[in-house]
Amino acid sequence: MEEFFQQLTNGLAVGGIYALIALGYTMVYGVLKLINFAHGDLFTIGAYLGLTLLVSMGLFDKIGPLPAVILLAVMVMILVAIIGAILERVAYRPLRQSPRLSAVVSALGASIFFQNAIMAIYSPKFLVYPHDILPKAAINVLGMDIPIMRIIMFMTSLVLMAALYFFIQKTKIGTAIRAAAIDQGAAKLMGINVDRVIMLVFCIGPALGGAAGLMVGLYYGQINFSMGWMFGLKAFTAAILGGIGNIPGAMVGGLLLGVIEAMGAAYISIAWKDAIAFCVLILILIVRPTGLLGERVAEKV
Amino acid sequence: MKRKLCTLGFLTLALVALTLGSAWAETIRIGLMCPLTGSWASEGQDMKQIVELLAAETNKAGGINGNQVEIVVEDDGGDPRQAALAATRLTTKEISAVIGTYGSSVTEASQNIYAESGILQVATGSTAIRLSEKSLPLFFRTCPRDDEQGTVAAKTLGDLGYGKIAILHDNTSYAKGLADEAKSLLEAAGKTIAFYDALTPGERDYNAILTKLKSAAPDVIFFTGYYPEAGMLLRQKMEMGWNVPMMGGDATNNPDLVKIAGNQAAEGFMFLSPPVPADLDTPEAKAFMDAYKAAYGNAPGSVWAVLAGDAYRVIAEAIAQTKETSSEKLAAYLQKEMKDFSGLTGKISFNEKGDRVGDLYRVYKVDAAGAFVLQP
């Protein structure tokens with residue numbers, strides 16, 4: 001039983017990251033019906049920018065770990081949001097009126113461009129975040145040792161997701177985003193600047209992806225230029241699992257995928273972990289083609 | 001005028017042929033095929049420096065049976081196509097034997113060319129099993145084979161007294177091959193395999209795997225994959241507060257492992273690898289290291305280039321002992337008569353396939369400062 005709970009926490013920790021990245025896929029899909037394949041690479045950029053800022057500014061020595069992490073996260077999120085907005089302006093807006101397939105090809109191209117740019121700038125080698133900048137302590141819950149950082153990481157993703165949810169549901173701008181997701185033409189007639197809404201979506205999604213990249217870098221330590229591929233694929237799966245276009249769906253899908261993977265590894269086979277996760281995805285899609293929460297919420301964002 | 005030029009040309013050619021002809025009579029020519037350009041260029045440069053240094057020493061000491069040695073170098077570029085051209089060129093240069101090369105696929109591209117021309121080939125860094133399974137009587141190698149490592153792994157784990165062993169690989173053909181080899185040998189030796197499974201390389205979180213491993217309660221984890229995953233495993237294992245010993249294969253021999261895991265987590269990690277040159281302990285190795293440092297100012301980079309030096313030394317020894325330069329005679333000597341020849345990397349003998357016998361692999365352990373220390 002102890003092992004079960006241990007695996008549950010393992011799954012939730014990974015799932016929190018998947019969920020955070022999945023939000024970026026799902027928001028863009030909700031508004032534009034476009035799969036932003038470059039999203040996984042924006043996540044990678046977050047991890048690399050975090051390392052660069054961390055090393056060049058020496059924040060941890062100057063202001064202590066907690067303020068440093070917060071400041072770092074804010075800077076990374078802003079920078080990645082800017083890159084996301086530029087990506088939208090350069091790669092997607094010119095294709096807004098073209099067939100959807102053109103935008104998908106453009107997204108794939110952007111992904112390849114980002115990946116190779118990171119490789120050219122930072123070298124193809126593994127880079128490592130400095131050790132010993134974060135507390136390594138663990139707390140004992142129900143006889144299990146859970147590293148504090150893991151709990152903080154999980155809480156951070158929950159807080160970010162909750163903030164996003166309330167932003168979308170309760171604010172005026174959030175309402176505009178939802179309106180644009182339902183019907184762009186009608187939203188325009190209501191006086192909503194749809195271009196600006198889309199730009200905003202391309203800031204929020206990548207900012208969350210960048211934050212996830214920073215968290216992975218800080219916690220796991222090791223980053224390389226192609227890491228966005230694996231995380232992007234899993235997060236995309238999570239978004240579909242939860243019902244793509246649906247924000248709570250991305251959160252549920254991410255956490256669920258993490259837990260399925262951990263349980264599959266624990267009780268069936270580690271080598272078949274990914275296969276098990278995808279089998280579950282297929283089964284769920286057979287029963288509910290729109291994903292877990294795809295129908296329950298009528299409006300999609 | 002034209003005719004005059006022709007005559008002159010002929011005369012020159014004849015003269016050159018004569019000089020070369022007389023030179024052939026006295027000089028033993030040994031080919032060296034190595035990657036002087038391309039991504040393995042540093043290995044190839046090292047190979048060339050080492051072999052030329054050893055040949056110069058031989059010549060200073062009077063040559064082999066009074067004959068001077070000449071090394072004929074060709075660049076294979078670390079590329080199979082270029083290697084085939086290099087091999088063809090070398091076969092026309094009257095060489096008694098050829099040393100090289102580094103990569104298995106590159107060696108493979110040249111194997112048949114040398115075999116058809118009847119030239120003895122001693123490869124240096126090509127560990128793929130299939131190279132010596134082709135029944136080519138003139139092919140030898142001074143490096144170990146991939147399956148050799150499995151044998152050494154099983155023996156080392158047994159010697160260290162571990163009875164309950166967890167084996168983890170990453171589904172690459174190299175890592176799975178090594179894991180399977182070690183597993184069957186350990187089972188034959190009566191050990192318990194408490195765990196056998198594969199992780200997905202390239203992921204960041206291996207906690208689920210480690211939790212499962214922990215519940216199997218092994219005495220030791222043997223991981224046969226590469227250093228990035230080994231580093232992550234070590235780091236997350238420490239964060240779980242689980243201090244079971246871990247051992248890796250030669251793909252974990254990379255200083256980046258310590259960078260990824262951190263000194264604290266990497267301390268005590270063991271791995272198998274051919275010895276790095278500075279740790280070679282024979283008098284021949286020490287003398288060679290001194291000579292190399294005197295000639296080039298630094299230590300040779302990796303063990304694979306030193307194995308090229310050993311290839312030269314076994315060929316020179318075979319020529320000296322048989323007083324022959326024909327490849328068949330030399331091959332027969334290497335295979336049947338050379339026993340425990342003291343090389344730069346330990347004792348050298350060959351089996352009937354041309355593979356090196358004996359354990360070249362050593363055990364290394366990471367110390368508290370993150371340095372790789374050879375275990376006695």
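This passage looks at one helix of chain B and then at the contacts between chain B and chain A in a predicted model.

A good place to start is helix 6 of chain B, which runs over residues 173-188. Its 16 residues reach 22 Å from the first C-alpha to the last, close to the 22 Å expected at 1.5 Å a residue. Six positions along this helix deserve a look: B:Ala175, B:Leu178, B:Ala179, B:Ala182, B:Lys183 and B:Leu186 are its buried residues. These residues lie on the same side of helix 6 of chain B because they cover an arc of only 130° around the axis. The spacing fits a general rule: an α-helix has 3.6 residues a turn, so residues three or four places apart point the same way. On the other side of helix 6 of chain B, B:Ser173 and B:Ala188 are exposed.

The cover over the buried residues of helix 6 includes helix 5 (146-159) of chain B, together with strand 6 (164-169), strand 7 (192-198) and strand 8 (220-223) of the chain. Just after helix 6 of chain B comes B:Gly190, with a positive phi of about 85°.

Turning to the partner chain, 26 residues of chain B are in contact with 28 residues of chain A. On the chain B side, strand 7, helix 7 (207-216), helix 8 (227-239) and helix 9 (256-261) each give two or more residues. Helix 7 of chain B provides the largest share of that side, with 6 residues. By type, the residues of chain B that touch chain A divide into 8 nonpolar, 9 polar and 9 charged. Strand 7 of chain B thus appears twice in this account, among the elements covering the buried residues of helix 6 and among those touching chain A.

Terms used
Residues numbered from 1 in each chain as written. Chains lettered and ligands numbered in written order. Predicted model: local features only at pLDDT ≥ 70, side-chain atom pairs only at ≥ 80, totals over all residues. Helix = DSSP H or I, 4+ residues; strand = E, 2+ residues; numbered from the N terminus. Expected span 1.5 Å × (residues − 1). Buried ≥ 20, exposed ≤ 12 C-beta atoms within 10 Å, placed from the backbone. Arc of directions from axis to C-beta. Contact = placed C-beta atoms within 7 Å. Nonpolar A, V, L, I, M, F, W, Y, C, P; charged D, E, K, R; others polar.
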